[in-house]
Amino acid sequence: QVQLVESEGGLVQAGGSLRLSCAASGSIFSINTMGWYRQAPGKQRELVARITSGRTTNYADSVKGRFTISRDSAKNTVYLQMNSLKPEDTAVYYCNAEVETTPRYVRLYWGQGTQVTVSS
């Protein structure tokens, strides 16, 4: 089994910063892509950022230039540094990971979600 545990989010004023982390543990052979998604009330879940095992990154247009995704592969951990936060960033944030539990067998896992609230 594999578990993804996220750090707690929080409440921050517009213009502030917050850092999220997500650590994977369990039966892991390797981890391919890791990413962050978010879901706001009344909206569908959307991709925020993703990072490959080679550390190639992709960002949603709405967060590009403000958020930075990174990973520590030795610790099976992915991070999301959020700067210049806006009220529209308010959402539940979920991490995910494409995990090889054994060679050639890949499964997608999700974290439990954490609330980030940005006030004006």
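Helices (H or I, at least four residues) and strands (E, at least two) are DSSP runs, numbered from the N terminus. With that convention stated, I can place R104 in the loop between β9 and β10 (105–110).

Before I continue, a word on the source. The model is a predicted one, in which local features need pLDDT of at least 70 and side-chain atom pairs count only at pLDDT 80 or more, while totals for chains, interfaces and linings use all residues. Residues are numbered from 1 along each chain as its sequence is written, and side-chain values use heavy atoms, with hydrogens and water left out.

Let me turn to the charged side chains. A salt bridge here is a side-chain nitrogen of Lys or Arg within 4 Å of a carboxyl oxygen of Asp or Glu. In general terms, side chains of opposite charge can pair when their charged atoms come close. How many salt bridges does a search of the whole structure find? The search returns 3.

One of them joins E46 to R38, with 2.9 Å from N to O. For exposure, buried means under 20% relative accessible area, exposed means over 50%, and partly exposed lies in between, using a 1.4 Å probe and protein chains only. On that scale E46 is partly exposed at 35%, whereas R38 counts as buried at 7%.

R38 also meets D89 in a salt bridge, at 3.0 Å from N to O. This pair links distant parts of the chain, since D89 is in the loop between β8 (77–82) and β9 (91–102) and R38 is in strand β4 (residues 30–39), 51 residues apart. D89 is buried, with a relative accessible area of 1%.

D89 has a further partner in R66, and their side chains meet at 2.8 Å, N to O. R66 lies in the loop between β6 and β7 (67–72) and D89 in the loop between β8 and β9, so the pair ties together parts that are 23 residues apart in sequence. Both D89 and R66 are buried. Taken together, R38, E46, R66 and D89 are linked in a network of salt bridges.

I come next to E6, which belongs to strand β1 (residues 2–6). What is the nearest side chain of opposite charge to E6, and how far away is it? That side chain is R45, at 8.1 Å, and E6 is buried yet has no salt bridge. In this count Lys and Arg are positive and Asp and Glu negative, with His and the chain ends not counted.

E6 does have polar contacts, meaning pairs of N or O atoms within 3.5 Å; within protein, one must be able to donate a hydrogen and the other to accept it, and residues adjacent in sequence count only if both atoms are side-chain atoms. The E6 side chain reaches the backbone nitrogen of C95 at 2.9 Å. A polar atom of the same E6 side chain lies 3.2 Å from the backbone nitrogen of G113. Contact, in the wider sense of heavy atoms within 4.5 Å, brings E6 against residues including W36, Y94 and T114, leaving out those up to four places away in sequence.

R45 has ring partners of its own. A charge sits over a ring if NZ of Lys or CZ of Arg is within 6 Å of the ring centre and within 35 degrees of the ring normal. R45 lies over the face of Y94, at 3.9 Å from the ring centre. Its charged end also sits over the ring of W110, 4.7 Å from the centre.

Finally, I turn to the loops. T52 lies in the loop between β5 (46–51) and β6 (57–59). Neighbours within four places in sequence aside, T52 is in contact with N32, T33 and R71. The C-alpha atoms of T52 and R71 are separated by 9.1 Å, with their positions 19 residues apart along the chain.

Which sign does phi take in S84? It is positive, about 50°, although S84 is not a glycine. S84 lies in the loop between β8 and β9 and is partly exposed at 41%. R104, with which I began, likewise has a positive phi, near 75°, in a residue other than glycine. R104 is exposed, with a relative accessible area of 79%.

D61, in the loop between β6 and β7, is exposed too, at 72%.
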